[in-house]
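Work through the exercises below with the sequence and the 3D view at hand. Each task is followed by its solution.

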Amino acid sequence: MSDHGGPLPVVLAGARGHGRWHLENIRRLQDKGLVRLAGICELTPLTQEELAGFATPGELPEQGADFGALLDSTGAAVAVICTPIPTHTDLALTAAARGVHLLLEKPPAPSYAEFRRMADGVAAAGVVCQIGFQSMGSHAVPAIRELIGKGTIGRVDGIGGAGAWGRAEEYYRRAPWAGRRRLNGADVVDGVLTNPLAHAVATALALDGATRAENVAGIETELLRANDIESDDTSCVRVTTTGGSRITVAATLCAEHPDEPYVLVHGSTGRITFWYKQDRVLVQRSGHGPQELTYGRTDLLENLVEHLEGRAALLVTPDRTGAFMKVVEAIRQAPDPVALPDGAWYLDADENRRIVPGVDGLVAAAADTLALYSELGASWALSKEVSS
């Protein structure tokens, strides 16, 4: 329960880049009287222009580069952590040691060991931690699980995920850790499936009900890259669960025609497609016309505040991301991504991004058939790596 009696004081660590989204969301919740932006932890303080709309200049949030000191001086009740992946665990534990509750951006950690250190430390400190998989706030997730449970599409044969996105070469120069597997001896694992399209993996696992680490029986990975980076930008993964499910997710940042990512539930008598960024669902089943549904979404910071005030269950506990972290670990342990041969990609000069011809179809086919790139006959695919 909250003992603050008013808007909960929040400190945001990492307010630029994706952190700008969190800044705007905190502003929205501040306007609703739920939270108060008490502090911002950034190496370079935000300008008054960047903080426009938060308060009069004399009441701007406190800023500093020392996260622990800022939590102490502001009396923060909640910290939102949106910093480079390798910093997540230490910052989370810094907050937990002070009794500060957490919204921790995904991926929660760059390795399973760091994830366990974070999750166990947070649990021992008795603080609440929400992991920032926004798609888990979609009301479509429980609705689809209910449709599956009712047998709407018969027996579930597997779940596919597809993400065909495009990213300019500047994307990999936005930060020193971008596109890296390691940096200064620390794991980063900033690959297409672990960061930009991590939601496709997490959402597919959630629809199967296989969200915990112990639900994973085996993982196969195929990691490739068209860009001149250390990490992967065109990859697929297949998870076998202890319940016998197969979940295949294929993704690329080198699409010919970037489109909305989706997760596809295959049933014996139908299928359900979920465009998770849009909260949009298409149910197709034999003997019925197609049914399209759009759902609402619960914001994860708002859910955390409501949970602290005893009004809601927490949506994305660390344990509910254990299976996702097993996928991160398999990708971390896999051989370094293989560079695609020169003829397999070209540079679009207008958009300054690398494109892999035919990859959009392969991504869709993987989600459709639950097959890996190598099994689909991609000319550039490699023999698949299997890790447990």
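**Exercise 1.** Which residues of helix α2 (residues 67-74) are buried?

Solution. The model is a predicted one. Buried means under 20% relative accessible area. In α2, the residues that meet this cut-off are F67, G68, L70, L71 and T74.

Next, consider their directions from the helix axis. The buried residues span an arc of only 165° around the axis, so they lie on the same side of α2.

Finally, look for what covers them. The cover includes the strands β1 (8-13), β2 (35-41), β3 (62-64) and β4 (78-81), along with the helix α3 (88-97).

**Exercise 2.** Describe the two ends of α2.

Solution. Begin at the N-terminal end, which is capped by D66. A side-chain oxygen of D66 lies 3.2 Å from the backbone nitrogen of G68. Then go to the residue that follows α2: this is G75, and its phi is positive, near 65°.

**Exercise 3.** Does the radius of gyration of the protein chain agree or disagree with that of a compact globule?

Solution. Start from the length: for 388 residues, a compact globule would have a radius of gyration near 21 Å. The protein chain has 21 Å, so the two agree. The C-alpha trace spans about 60 × 50 × 40 Å along its principal axes.

**Exercise 4.** Summarise the protein chain as a whole.

Solution. Count the elements: the chain has nine helices and 20 strands. Turn to burial: 57% of the 388 residues are buried. Then take the surface: about 15,300 Å² is exposed, and 49% of this comes from carbon and sulfur atoms. Last, of the contacts between residues at least 6 apart in sequence, 69% join residues at least 24 apart.

Methods. Residues numbered from 1 in each chain as written. Predicted model: local features only at pLDDT ≥ 70, side-chain atom pairs only at ≥ 80, totals over all residues. Heavy atoms only, no water. Buried < 20%, exposed > 50% of the residue type's maximum accessible area, 1.4 Å probe, protein only. Helix = DSSP H or I, 4+ residues; strand = E, 2+ residues; numbered from the N terminus. Arc of directions from axis to C-beta. Contact = heavy atoms within 4.5 Å. Polar contact = N/O pair within 3.5 Å; in protein donor to acceptor, adjacent residues only side chain to side chain. Rg over C-alpha atoms; globule rule 2.2 N^0.38 Å. Areas by Shrake-Rupley, 256 points an atom, 1.4 Å probe, with all protein chains shown as cover.
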